[in-house]
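Hi everyone, thanks for coming. I'd like to walk you through a structure that's new to most of us, so let's put it up on the screen.

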Amino acid sequence: MKVVAVLVFLVCTTMAEAASLDSKEAARKLTDQVMAKVASGDLDGGLLLMKPYLIIPESEFKVMLEQTKLQLPAIQGRFGKIVGSEFISEKMIGKSLLQIVQIQKFQKHAMRWRFIFYSPDGKWVLNTFNFDDKIQLLFE
C-alpha cells in the first residue's frame with residue numbers, strides 16, 4: 001500500500017511540473033507560435049502548444065480548454081471572423097517576471113492576450129495567461 005501511495009504521489013507531482021524555456025526569446029517565440037495558431041482559427045492547437053510550459057494541472061487545463069471553446073462562437077458572433085494577430089509589447093519586471101502582450105484580431109474588434117512568465121533560476125515557465133476584450137487597457 002505504501003508503494004502505491006508513493007507512486008501516486010510521484011505521478012501527480014510529475015504531472016504538475018511544467019517544462020521550461022531557456023530564454024526570454026524562447027518565451028516570445030512560444031507566444032508567437034501560439035498566436036499564429038489562434039489567428040488561423042486553431043484555438044485548441046494554440047492552447048496545446050503552451051500546455052507543457054503552464055504550471056496548472058492537467059485537469060484544470062482541460063476545464064479551461066472546454067470553457068474557452070464554449071466562448072469562441074459568441075466572441076466570433078460579436079466581433080466577426082478572425083483576421084490575424086499582432087505582437088504588442090514585452091515588459092520585464094525585475095529579473096524574474098516577463099509579460100508578453102499580443103492581440104488576436106477580428107473584423108470588428110481585438111482580443112488582448114497576456115502571457116506572464118516566471119523565472120526563479122534563469123529558466124522560464126508560463127505562470128499564467130489570459131485573454132479578454134479590454135483593449136482600452138493597452139493604452140495605460
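I'll talk about one helix and then one residue in a strand. Keep in mind that what you see is a predicted model.

Okay, start with helix α2, residues 24-39. It has 16 residues and runs 22 Å from its first C-alpha to its last, close to the 22 Å you'd expect at 1.5 Å a residue.

So which residues of α2 are buried? That would be Ala27, Leu30, Thr31, Val34, Met35, Val38 and Ala39. They cover an arc of only 165° around the axis, which means they sit on the same side of α2. Here's the general background: an α-helix has 3.6 residues a turn, so residues three or four places apart point the same way.

Now look at the face turned away from that buried side: there you'll find Glu25 and Lys29, which are exposed. And what do the buried residues of α2 pack against? They pack against α3 (43-50), plus the strands β1 (82-93), β2 (97-106) and β3 (110-118). After α2 comes Gly41, with a positive phi near 95°.

Next, hop over to Gln104, which is in strand β2. Gln104 is buried, because its relative accessible area is 5% and the cut-off for buried is under 20%. Leaving out residues up to four places away in sequence, Gln104 touches a list of residues including Met35, Val38, Ile82 and Trp113. With Trp113, the two side chains make a polar contact at 3.1 Å.

One last pair: Gln104 and Asp133 are 29 residues apart in sequence, and their C-alphas are 9.6 Å apart in space.

Technical notes:
Residues are numbered from 1 along each chain as its sequence is written. This is a predicted model: local features need pLDDT of at least 70, side-chain atom pairs count only at pLDDT 80 or more; totals for chains, interfaces and linings use all residues. Side-chain values use heavy atoms; hydrogens and water are left out. Helices (H or I, at least four residues) and strands (E, at least two) are DSSP runs, numbered from the N terminus. The expected span of a helix is 1.5 Å times one less than its number of residues. Buried means under 20% relative accessible area, exposed over 50%, partly exposed in between (1.4 Å probe, protein chains only). The arc is that of the directions from the helix axis to the C-beta atoms. Contact means heavy atoms within 4.5 Å. A polar contact is a pair of N or O atoms within 3.5 Å; within protein, one must be able to donate a hydrogen and the other to accept it, and residues adjacent in sequence count only if both atoms are side-chain atoms.
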